[in-house]
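Trainee: Got a minute to go through this model with me? I'd like to talk about charges, the pocket and a few odd backbone angles.

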Amino acid sequence: MALPQVCVTYLLRDGAQGTEVLLGRKKRGLGVSKIVGLGGKLNSGEHPRIAAVREIEEEANLFVDPGQLRHVALLTYIFGSKPALSQESWVYLCRDWIGEPAESDEVAPTWFPLSDLPLDSMWSDAQYWLPRALRGQFIRASYVFGADLHTAVASDDPSAGLPRLPPPGTLGDD
């Protein structure tokens, strides 16, 4: 069975402290209160790039040409204790857009220096792949989340240092 498809985009700019990335505090839905990139679910039949453009506009009132998106990751998220949350995520970088970020009912956007990413406030898998993707390295990886639905407990990403299979008890199957 195919997993639901989602997209996320990380907008980059040159700032006073070097390169900065636009992230936002999630205000509702899965991952509420976490710091996230701009993105969401693909509509039926929608191409991931088109969905990314739509989500950027909806969440931050910014306008992006789909051709400006650089595909840097394809990630699979498995929630073993709640399979309905499992998904595949298309990840993009973008350096060119029109407008200034504005808060929406979904996200409160903020610029962060790449040298000071708020990884402790993000989904736990971000620490393993996001810094590499923001440098332009393509990542293809899967992450399995534990029973708490927030902590990555296994991955096929050798850089993560996580076991390939979830340790007993981490999925709430004690």
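Mentor: Sure, just keep in mind that this is a predicted model. Arginine 28 is a good place to begin: at 42% relative accessibility, it counts as partly exposed.

Trainee: Which residue forms a salt bridge with arginine 28?

Mentor: The closest N and O atoms of the pair are 3.6 Å apart, and the cut-off is 4 Å, so the pair counts. The partner is buried, with a relative accessible area of 15%. The residue is glutamate 106.

Trainee: How many residues apart are glutamate 106 and arginine 28?

Mentor: Glutamate 106 sits in the loop between strand E6 (87–94) and strand E7 (107–113). Arginine 28 belongs to the loop between strand E2 (18–26) and strand E3 (35–36). The pair thus links distant parts of the chain, and the separation is 78 residues.

Trainee: How many salt bridges does the structure hold?

Mentor: One of them joins glutamate 20 to arginine 13, with the closest N and O atoms 2.6 Å apart. Another brings the side chains of arginine 54 and glutamate 46 together at 2.8 Å, N to O. The total for the structure is ten.

Trainee: In the pair of glutamate 20 and arginine 13, which residue counts as buried?

Mentor: Buried means under 20% relative accessible area. Arginine 13 has 30%, so this residue counts as partly exposed. The other partner has 9%, so the buried one is glutamate 20.

Trainee: And are arginine 54 and glutamate 46 buried or exposed?

Mentor: Arginine 54 has a relative accessible area of 19%, under the 20% cut-off. For glutamate 46 the value is 16%. Therefore arginine 54 and glutamate 46 are each buried.

Trainee: Which residues are linked with Arg54 in a network of salt bridges?

Mentor: We already have one link, the 2.8 Å contact from arginine 54 to glutamate 46. The network also takes in two further glutamates. Besides Arg54, its members are Glu46, Glu55 and Glu58.

Trainee: What about glutamate 59: what is the nearest side chain of opposite charge?

Mentor: Glutamate 59 is in helix H1 (residues 48–60). This residue is buried yet has no salt bridge. Its contacts beyond four places in sequence include Gly37, Ala102, Ser104 and Glu106. The nearest side chain of opposite charge, 5.4 Å away, is lysine 26.

Trainee: On to the largest pocket: which element gives the largest share of its lining?

Mentor: About 770 Å³ of space lies in that pocket. Its lining has 36 residues, with Val6, Lys26, Leu30, Gln87 and Trp123 nearest the centre. Among the elements giving two or more residues are strand E4 (38–41), H1, strand E5 (70–79) and helix H2 (126–134). The largest share, four residues, comes from E1.

Trainee: How far is the C-alpha atom of valine 36 from that of glycine 24?

Mentor: Valine 36 lies in strand E3 and, at 11% relative accessibility, counts as buried. Leaving aside neighbours within four places in sequence, valine 36 touches Leu23, Gly24, Lys26 and Trp123. Valine 36 and glycine 24 are twelve residues apart along the chain, and their C-alpha atoms are separated by 5.4 Å.

Trainee: Why is H2 largely enclosed by the rest of the structure?

Mentor: The buried residues of H2 include Tyr128, Trp129 and Leu130. They pack against E1, E2, E5, E6, strand E8 (139–145) and strand E9 (152–155). H2 is largely enclosed because its buried residues number seven of the nine.

Trainee: Which residue in the loop between H1 and E5 has a positive phi?

Mentor: Most residues other than glycine have a negative phi, so a positive value is worth a look. Serine 33, in the loop between E2 and E3, has a positive phi of about 80 degrees. In the loop between H1 and E5, phi is near 60 degrees at asparagine 61.

Trainee: Last one: which domain does the UniProt annotation give for residues 2–138?

Mentor: Over that stretch the chain is 16% helix and 37% strand, and the end C-alpha atoms are 22 Å apart. The name comes from an unreviewed UniProt entry. The annotation reads "domain: Nudix hydrolase".

Technical notes: Residues are numbered from 1 along each chain as its sequence is written. This is a predicted model: local features need pLDDT of at least 70, side-chain atom pairs count only at pLDDT 80 or more; totals for chains, interfaces and linings use all residues. Side-chain values use heavy atoms; hydrogens and water are left out. Buried means under 20% relative accessible area, exposed over 50%, partly exposed in between (1.4 Å probe, protein chains only). Lys and Arg count as positive and Asp and Glu as negative; His and the chain ends are not counted. Contact means heavy atoms within 4.5 Å. UniProt positions are given in the numbering used here, feature names are shortened, and annotations may be inferred rather than shown by experiment. On a 1 Å grid over the protein atoms alone, a cavity is a set of points where a 1.4 Å probe fits but cannot get out, and a pocket is an open set with protein on both sides within 12 Å along at least five of seven lines; lining residues have an atom within 4 Å of a point. Grid points are joined across faces, edges and corners, and a volume is the space filled by probe spheres set on the points.
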